[in-house]
Amino acid sequence: MSATSPAAAPAVSTPSAAHRWTVAEVLALYEMPLMDLIWQAQSVHRQHFDANAIQRSALLSVKTGGCSEDCGYCSQSARHDTNLERERLMPVDEVVDAAKAAQAKGASRFCMGAAWKGPKAGDLDRVLDMVREVKALGMQTCVTLGMLQEGQAEKLKEAGLDYYNHNLDTDKDFYGQVIKSHTQEDRLDTLDQVRAAGINVCSGGIIGMGESRKNRAALIVQLANLPQAPESVPINNLVPIPGTPLADAPRLDPFEFVRTIAAARITMPTSWVRLSAGRREMSDELQALCFLAGANSMFYGDNLLTTGNPDAERDDALFARLGVKAV
Ligand code: SAM
Ligand code: DTB
Ligand code: SF4
């Protein structure tokens, strides 16, 4: 027998949608040899998606900075000295112009983000107008406004909102080390309201904040075991912001990021897994590895909320080189 004879590809078994994942099971995924893990993730991916199609969402900060919350990673917290200029809630027409420009470039969804603990009634009315007008362009709509009060999710649904982004962000056991002004329970409560109103849920988290692999696995388990998995799962790599408590967090091994994408894909087989913040700092090859591990969505456009994203030309060139199409 030759020393290089190929090993059989590992068999891929897919648990049913009702499967409740345990942290031990997801840790075992993380501990697989990388090639086997990617093989499994790609096999699961191909059962549910076109492996050569990637969804593109544009992102706009419609209200920047001055947030009352103390999230340790965030440039927009009023409690961190990040030199960010605060801006009031944008006028509706400026938001619609930005949405039109994003649509012309090829984004299918427009996500509007506000640096709030949650929206006040008057502010929500203006956001409802933004949702109505962006929806009327024929784009999918998404907002991320913080925690919602009774009745607000229903108003957003009536205005035509397709997705609400609200991340669990990190494992509940690590949450208090990063955020003290609210609890992860508060965020789960908003996710319940969004789900009950019939809006698609977009929820994921950030890695690279000094959490352990077990914390990362536990976050994936929490997301996958929600009563219904989120339709969209953003996986953000921490963008270190000078002036925040996490400015000097140790950089995560990029393969650990790839493993997290694969774990999300395997545990949430029908969800769109979004390669989110931190993409500008990634090589094209690393991004391709993330797509191979099951990521099939990304932010498209030159900016995230307060930090940069690869410019659209770089992404267009990457799609052409990979033979990937935008959806
Ligand atoms: N205030 C709302 C909230 O917290 O849900 C909406 C805006 S908030 C900036 C949206 C998400 O951006 C956060 O949940 C977090 O996952 C992500 N985020 C914020 N700062 C980040 C950073 N420096 N690096 C990576 N992701 C970040
Ligand atoms: C998500 O999970 N990532 C986006 C979006 N949802 C709103 C935000 C990323 C923010 C990155 C840091 C910044 O630009 O301020
Ligand atoms: Fe930033 Fe949102 Fe936290 Fe406010 S609630 S500090 S905007 S992540």
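Colleague: How many residues of strand β7 are buried?
Modeller: In this predicted model, strand β7 spans residues 232-237 and is mostly covered. Counted over the strand's 6 residues, the number that are buried is 6.

Colleague: Which residues of β7 point the other way from Ser232, Pro234 and Asn236?
Modeller: In a regular strand the side chains alternate between the two faces of the sheet. In β7, Ser232, Pro234 and Asn236 point one way, and the residues on either side are all buried. Those that point the other way are Val233, Ile235 and Asn237.

Colleague: Which residue of β7 is the bridge partner of isoleucine 206?
Modeller: Strand β6, residues 205-207, runs parallel to β7, and 3 bridges join the two. Among these pairings, the partner of isoleucine 206 in β7 is asparagine 236.

Colleague: Through which helix does the chain cross from β6 to β7, and what is the hand of this crossover?
Modeller: On its way from β6 to β7 the chain passes through residues 213-224, which form helix α8. The β-α-β crossover made in this way through α8 is right-handed.

Colleague: Which residue of β8 is the bridge partner of serine 232?
Modeller: Strand β8, residues 272-275, pairs with β7 in the parallel sense, over 4 bridges. Within this pairing, the partner of serine 232 in β8 is tryptophan 272.

Colleague: Through which helix does the chain cross from β7 to β8?
Modeller: The β-α-β crossover that takes the chain from β7 to β8 is right-handed. The helix in it covers residues 254-267 and is α9.

Colleague: Which residue of β7 is among those that come nearest to ligand 2?
Modeller: Around ligand 2 there are 13 residues, and those that come nearest include Asn167, Leu305, Thr306 and Thr307. The list of nearest residues also holds one that is buried in β7, namely Asn236.

Colleague: What percentage of the area that ligand 2 exposes when taken alone does the protein bury?
Modeller: An N or O atom in the side chain of asparagine 165 is 3.2 Å from a nitrogen atom of ligand 2, while for threonine 306 the distance from such a side-chain atom to an oxygen atom of the ligand is 2.6 Å. A polar side-chain atom of threonine 307 likewise lies 2.8 Å from an oxygen atom of ligand 2. Of the 410 Å² that ligand 2 exposes when taken alone, the protein buries 87%.

Colleague: Why does aspartate 284 count as buried?
Modeller: Aspartate 284 lies in helix α10, residues 284-292, and, leaving aside neighbours within four places in sequence, is in contact with Arg314, Leu318 and Arg321. The cut-off for buried is under 20% relative accessible area. Aspartate 284 counts as buried because its relative accessibility is 17%.

Conventions. Residues numbered from 1 in each chain as written. Chains lettered and ligands numbered in written order. Predicted model: local features only at pLDDT ≥ 70, side-chain atom pairs only at ≥ 80, totals over all residues. Heavy atoms only, no water. Buried < 20%, exposed > 50% of the residue type's maximum accessible area, 1.4 Å probe, protein only. Pairing = 2+ DSSP bridges. Right-handed = clockwise from strand over helix to strand, strands pointing away. Near = heavy atom within 4 Å. Polar contact = N/O pair within 3.5 Å; in protein donor to acceptor, adjacent residues only side chain to side chain. Areas by Shrake-Rupley, 256 points an atom, 1.4 Å probe, with all protein chains shown as cover. Contact = heavy atoms within 4.5 Å.
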